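Hi everyone, thanks for having me. Could you bring the structure up on the screen, please, so we can walk through it together?

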Amino acid sequence: MPLVAVLLVVGAAACHCAWNLILKSETHRAEVSLGAVVVGVLFTAPVLAVYSLRDVSLEGWLLVALSGVFETAYVILLAAAYGAGDLSVVYPIARGTPALLVAPLSIALLGERLTAVGVIGIGLVVAGIFATHRPGADGASAGGSHRRAVSLALLTGLAISGYSFVNKLGVQRVPVPLYATLVFAVDAGLLAIVLRARGDLRGTRLLRSRWKPVLAVGILMMGAYMGVLAAMARAPLAYVVAAREVSIVLTTIAGIVLLGERASPRRLGGAALIFAGLVAIALTR
């Protein structure tokens, strides 16, 4: 995996960890997410002065729309999962599911070829996630709230897998900055429709009171998204998705240190396996 792609993925992981930590601490997560997506669009809107919308093909527009649908599902499911469970439980499952699904599908559907070291790296990432967060690990409650959090996290992971495949195709047809801006714009429109239909849209009053987290999440969210898209344009999708899960290590540590969530040898050992997997992927050529 090229060094520049590794650096982009690690930077994206750090941004992703930070905005998830902020979002977990918010009460109105879906609305804060909507405000953040709008901030992301405004933050990157100047790219429209560089790229022309007329140059986007019909196929490109279809990929943008489909990615927006997956992104909207991701935001809604993630917000619901954080309402049901700990950050250090929800986040690894949500981010780890794509690491398990994308590698075999990228070989079958995209014709990607993975080296033996790369496959070992992906395997270490998946093993670390499973070892840390298998059902009943660390004496985790099997109650309804825990099951709901795990179910929502798995659905979030499926949404991530969906937009990962779409985005891999999208960055091959639309310049990365323009693609990111258009996907976020579609996501903002769809998310606003969903929240209004659910009666959860409180409008400018919430944004005025929570503008700092909205601004921070928006900038970090777009930074993470652009970093991953740029890495996808330079490296196989399976490697990018698996290496991206170094954010699980960062978020698990943050959940324990900053949110007071439970620390255990199992969780820390799982994080170490994930990090080892990242190193193996980074060494692939």
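Okay, one bit of vocabulary before we start: when I say two residues are in contact, I mean they have heavy atoms within 4.5 Å of each other. And keep in mind that this is a predicted model.

So let's find Trp19. Skip its neighbours within four places in sequence, and Trp19 is in contact with Tyr74, Leu78, Val217, Leu220, Met221 and Ala224. Trp19 also belongs to the largest nonpolar core, which has 88 residues. It's among the residues with the most contacts inside that core, and so are Met1, Tyr74, Ile122, Tyr179, Leu229 and Val240. Which helix gives this core its largest share? That's helix α3, residues 58–84, with 11 residues.

Now, hang on to Tyr74, because its ring pairs up with the ring of Tyr163: the centres are 5.6 Å apart and the planes sit at 75 degrees, so we call the pair edge-to-face. The cut-off for that label is over 60 degrees. Tyr74 is in helix α3 and Tyr163 is in helix α6, residues 144–170, so this pair ties together parts that are 89 residues apart in sequence. Are these two tyrosines buried or exposed? Both Tyr74 and Tyr163 are buried.

How many aromatic pairs are there by this rule? The count is two. The other one to look at is Phe184 with Tyr225, where the centres are 5.2 Å apart and the planes are 40 degrees from each other, which makes the pair tilted. Phe184 comes from helix α7, residues 176–198, and Tyr225 from helix α9, residues 211–232, so here the parts tied together are 41 residues apart in sequence. Phe184 is buried, at 2% relative accessible area, and Tyr225 is buried too, at 9%.

Let's go back to helix α3 and see how helix α2, residues 29–44, packs on it. The angle is about 145 degrees, and the axes are 9 Å apart. The crossing is right-handed. On the α2 side, the contact uses Arg29, Ala30 and Ser33, and on the α3 side Val75, Ala79, Tyr82 and Gly83. Sort those residues by type and you get four nonpolar, two polar and one charged.

Last stop: Gly270, in helix α12, residues 265–282. Gly270 has 1% relative accessibility, so it counts as buried. Its C-alpha atom is 7.5 Å from that of Ala127, although the two residues are 143 residues apart along the chain.

That's my tour, thanks!

Definitions and conventions
Residues numbered from 1 in each chain as written. Predicted model: local features only at pLDDT ≥ 70, side-chain atom pairs only at ≥ 80, totals over all residues. Heavy atoms only, no water. Core = buried A, V, L, I, M, F, W, Y, C linked by side-chain atoms within 4.5 Å. Buried < 20%, exposed > 50% of the residue type's maximum accessible area, 1.4 Å probe, protein only. Helix = DSSP H or I, 4+ residues; strand = E, 2+ residues; numbered from the N terminus. Phe/Tyr/Trp six-rings, centres within 6.5 Å; stacked < 30°, edge-to-face > 60°. Axes fitted to C-alpha atoms, helices over the stretch in contact; angles between N-to-C directions. Left-handed = near helix turned anticlockwise from the far one by under 90°. Nonpolar A, V, L, I, M, F, W, Y, C, P; charged D, E, K, R; others polar.
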